[in-house]
Amino acid sequence: MIRQSQNHGLLATTQLIRAEALDMLGRKAEADRLRVDSQPLARYGFGSEANIRARTREISALGLRGLFRG
C-alpha cells in the first residue's frame with residue numbers, strides 16, 4: 001500500500017523503522033543492509049542529507065527509549 005502511494009518519505013521511514021527493529025532482534029547485518037537500501041528513497045523523500053540523518057536519529061532514539069519494545 002505504501003509503495004503504491006509513491007510517498008518516498010513514508011516508505012523510507014517505514015524501512016528505517018524496520019531496520020531499527022531488526023537491530024533490536026540482533027540482526028545487525030540485515031538492518032545495515034536495509035538502511036543502505038533505503039538511502040535512495042530517503043534522499044528523494046527527505047531532500048537533504050541533514051534531513052536523512054535527523055530522521056534516522058529520531059527513529060533510533062525511539063528504539064533506544066524502548067518505544068518499539070513489547
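# A tour of four helices

In this predicted model, α3 and α4 are roughly perpendicular to each other, because angles from 65 to 115 degrees count as roughly perpendicular and the axes of these two helices cross at roughly 110°. Keep that pair in mind while you look at the whole chain.

**Stop 1: the whole chain**

Show the protein chain as a cartoon. Its secondary structure consists of four helices and zero strands. Starting at the N terminus, the order of elements is α-α-α-α. Now colour the 70 residues by accessibility: 29% of them count as buried. How much of the contact set joins residues at least 24 apart? Taking contacts between residues at least 6 apart in sequence, the share is 47%.

**Stop 2: where α3 meets α4**

Select α3, residues 28–46, together with α4, residues 49–64. The axes of α3 and α4 come within 9 Å. The crossing of α3 past α4 is right-handed. Next, show the side chains where the two helices meet. On the α3 side they are Gln39, Ala42, Arg43 and Phe46, and on the α4 side Glu49, Asn51, Ile52 and Arg55.

Click on isoleucine 52. Which residues does isoleucine 52 contact, leaving aside its neighbours within four places in sequence? They are Gln39, Ala42, Arg43 and Phe46.

**Stop 3: alanine 42**

Move to alanine 42, which is found in helix α3. Is alanine 42 buried or exposed? Its relative accessible area is 1%, so alanine 42 is buried, given that buried means under 20%. With neighbours within four places in sequence set aside, the contacts of alanine 42 are Ala12, Gly47 and Ile52.

Add leucine 10 to the selection and draw a line between the two C-alpha atoms. Alanine 42 and leucine 10 are 32 residues apart along the chain, and their C-alpha atoms are separated by 8.8 Å.

**Stop 4: the nonpolar core**

Select Leu11, Ala12, Leu16, Leu41, Ala42, Phe46, Ile52 and Ile59. These eight residues make up the largest nonpolar core. Which elements give two or more residues to this core? They are α2 (8–24), α3 and α4 (49–64). Two residues from the earlier stops, Ala42 and Ile52, are among the core's members.

**Stop 5: arginine 35 and its partners**

Leave the core and go to arginine 35, which also lies in helix α3. Arginine 35 has a relative accessibility of 18% and therefore counts as buried. Not counting residues up to four places away in sequence, arginine 35 touches Leu16, Ala19, Glu20 and Asp23.

Side chains of opposite charge can pair when their charged atoms come close. Show glutamate 20 beside arginine 35 to see one such pair: their side chains form a salt bridge, at 3.3 Å from N to O. Glutamate 20 is in helix α2 and arginine 35 in helix α3, so this pair ties together parts that are 15 residues apart in sequence. Glutamate 20 is buried too, at a relative accessible area of 8%.

Now add aspartate 32. Aspartate 32 also forms a salt bridge with arginine 35, and the closest N and O atoms are 3.6 Å apart. Aspartate 32 and arginine 35 are three residues apart in helix α3, which means that about one helical turn separates them. Aspartate 32 is partly exposed, with a relative accessible area of 31%.

**Stop 6: a salt bridge in α4**

Return to α4 and select arginine 55 and glutamate 58. How far apart, N to O, are the side chains of arginine 55 and glutamate 58 in their salt bridge? The distance is 2.9 Å. As with the previous pair, look along the helix: arginine 55 and glutamate 58 are three residues apart in helix α4, so they are separated by about one helical turn. Arginine 55 counts as partly exposed, at 30% relative accessibility. Glutamate 58 counts as partly exposed as well, at 43% relative accessibility.

For the last selection, choose Glu20, Asp23, Lys28, Asp32 and Arg35. Salt bridges that share partners join these five residues, Glu20, Asp23, Lys28, Asp32 and Arg35, into one network. The salt bridges in the model come to seven.

Terms used: Residues are numbered from 1 along each chain as its sequence is written. This is a predicted model: local features need pLDDT of at least 70, side-chain atom pairs count only at pLDDT 80 or more; totals for chains, interfaces and linings use all residues. Side-chain values use heavy atoms; hydrogens and water are left out. Buried means under 20% relative accessible area, exposed over 50%, partly exposed in between (1.4 Å probe, protein chains only). Contact means heavy atoms within 4.5 Å. A nonpolar core is a set of buried Ala, Val, Leu, Ile, Met, Phe, Trp, Tyr and Cys residues joined through side-chain atoms within 4.5 Å. A salt bridge is a side-chain nitrogen of Lys or Arg within 4 Å of a carboxyl oxygen of Asp or Glu. Axes are lines fitted to C-alpha atoms, for helices over the stretch in contact, and angles run from 0 to 180 degrees between N-to-C directions. Angles under 35 degrees count as roughly parallel, over 145 as roughly antiparallel, 65 to 115 as roughly perpendicular and the rest as oblique. A crossing is left-handed if the near helix is turned anticlockwise from the far one by less than a right angle, and right-handed if clockwise.
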